[in-house]
Amino acid sequence: MSRHSEISIQCYLRTEEPKRGGDGIADDMGNDIFMGGVRFTPDFEEAVPQDQWYELAGGAGKIQIGVAFKPSSGHSLTIDDFELITVIGKGSFGKVMQVRKRDTSRIYALKTIRKQHIVERGEITHTLAERMVLARVNSPFIVPLKFSFQSEQKLYLVLAFVNGGELFHHLQREQRFNEERSRFYSAELLLALEHLHELDVVYRDLKPENILLDYTGHIALCDFGLCKLNMKDSDTTNTFCGTPEYLAPEILSGHGYSEY
């Protein structure tokens, strides 16, 4: 756990392995049977194991959950604390890798950023903004930051690994989503953006490539390098930024824009 927050667990009965394409991304969700889910907030005030039965929501029966919490010893993470599995993305900033944390065997996405590159490209402000936003957000529809650390040459952001691929990939494959599915994604995306606005953050790079899908089909917004911080309701900004194919009309017009 990297922060005090609610835990959501969904239980499935696996009937067969999902089919995967050549890129390793699941082409379907298989025929897994949903058994139910539970939400709870563990108590970390007392460092004693907790063992409790919870009623399953959306299903029948109960699930027994044991929680044991051990505060961090203050050990600073390094790249040696992670086993590198595969590269899942590349960019001018560096690359994103799927990694396994050696002590817990948990899978994460590790974003590496070369310090020299962000200095040469004048991206220091954007990089710091991304780190600050990720540390503050607490939304089920935004990829959470788990850890961050640095070496002499690089910055490292350890994020939750969202394994369903980009929304862009699914849209490209299916060409068009039906209305029900589009409304579902739009509703979750709206909740993610509202959460950012509550933190006075403007996203500024909304596109299908920056929206991931998890195993259960829910969205997770990622990549906060172009965020604008400390934007109050009445504030406007004029920075020309974003991805050319997805620029908003108010950015193209040059008249300034607010968080809405």
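Is K101 buried or exposed? Let's get to that in a moment, after a word on the model itself.

1. **What you're looking at.** This is a predicted model, so please read everything below as computed from that model. The protein has 260 residues, and 36% of them count as buried. Its secondary structure is made up of 5 helices and 11 strands.

2. **Overall contacts and surface.** Take the contacts between residues at least 6 apart in sequence: 52% of them join residues at least 24 apart. The accessible surface comes to about 16100 Å², and carbon and sulfur atoms account for 51% of that.

3. **Back to K101.** K101 is buried, because its relative accessible area is 8% and the cut-off for buried is under 20%. You'll find K101 in strand β6. D81 sits 20 residues away along the chain, yet the C-alpha atoms of K101 and D81 are separated by 6.1 Å. Leaving aside residues up to four places away in sequence, K101 touches L77, D81, F82, R106, Y108 and F147. So D81 turns up both in the C-alpha distance and in the list of contacts.

4. **D32, a buried loop residue.** Now look at the loop between β1 (7-13) and β2 (33-40), where D32 lies. With a relative accessible area of 18%, D32 is buried, since anything under 20% gets that label. The side chain of D32 makes a polar contact with the side chain of R14, at 3.3 Å. Not counting residues up to four places away in sequence, D32 touches Y12, L13, R14, T15, E16 and Y215.

5. **Aromatic rings.** How many aromatic pairs does a search of the whole structure find? The count is 8. One of them is F149 with Y156: the ring centres are 4.8 Å apart and the planes are at 20 degrees, so this pair is stacked. Both F149 and Y156 are buried. Elsewhere on your screen, pick out Y12, F34 and Y215, which form one aromatic cluster. You have met two of those names already, as Y12 and Y215 are among the residues that D32 touches.

6. **Cysteines.** If you go hunting for disulfides, the count comes to 0. Two cysteines to click on are C11 and C222. C11 is buried, with a relative accessible area of 17%, and C222 also counts as buried, at 16% relative accessibility.

7. **Positive phi at S105.** What is phi of S105 near? The value is near 65 degrees, which is positive in a residue other than glycine. S105 has its place in the loop between β6 (94-101) and β7 (107-114). Its relative accessibility is 47%, so S105 counts as partly exposed; the label exposed would need over 50%.

8. **Positive phi at Q175.** Q175 is another residue other than glycine with a positive phi, here near 75 degrees. Where does Q175 lie? Look in the loop between α3 (167-174) and α4 (179-198). Because its relative accessibility is 64%, Q175 counts as exposed. It's worth turning the model to look at both loops: S105 is partly exposed, whereas Q175 is exposed.

Methods
Residues are numbered from 1 along each chain as its sequence is written. This is a predicted model: local features need pLDDT of at least 70, side-chain atom pairs count only at pLDDT 80 or more; totals for chains, interfaces and linings use all residues. Side-chain values use heavy atoms; hydrogens and water are left out. Helices (H or I, at least four residues) and strands (E, at least two) are DSSP runs, numbered from the N terminus. Buried means under 20% relative accessible area, exposed over 50%, partly exposed in between (1.4 Å probe, protein chains only). Rings of Phe, Tyr and Trp (its six-membered ring) pair if their centres lie within 6.5 Å; planes under 30 degrees apart count as stacked, over 60 as edge-to-face and the rest as tilted. Contact means heavy atoms within 4.5 Å. Accessible areas come from the Shrake-Rupley method with a 1.4 Å probe; for residues, only the protein chains shown count as cover. A polar contact is a pair of N or O atoms within 3.5 Å; within protein, one must be able to donate a hydrogen and the other to accept it, and residues adjacent in sequence count only if both atoms are side-chain atoms. A disulfide is a pair of cysteine sulfur atoms within 2.5 Å.
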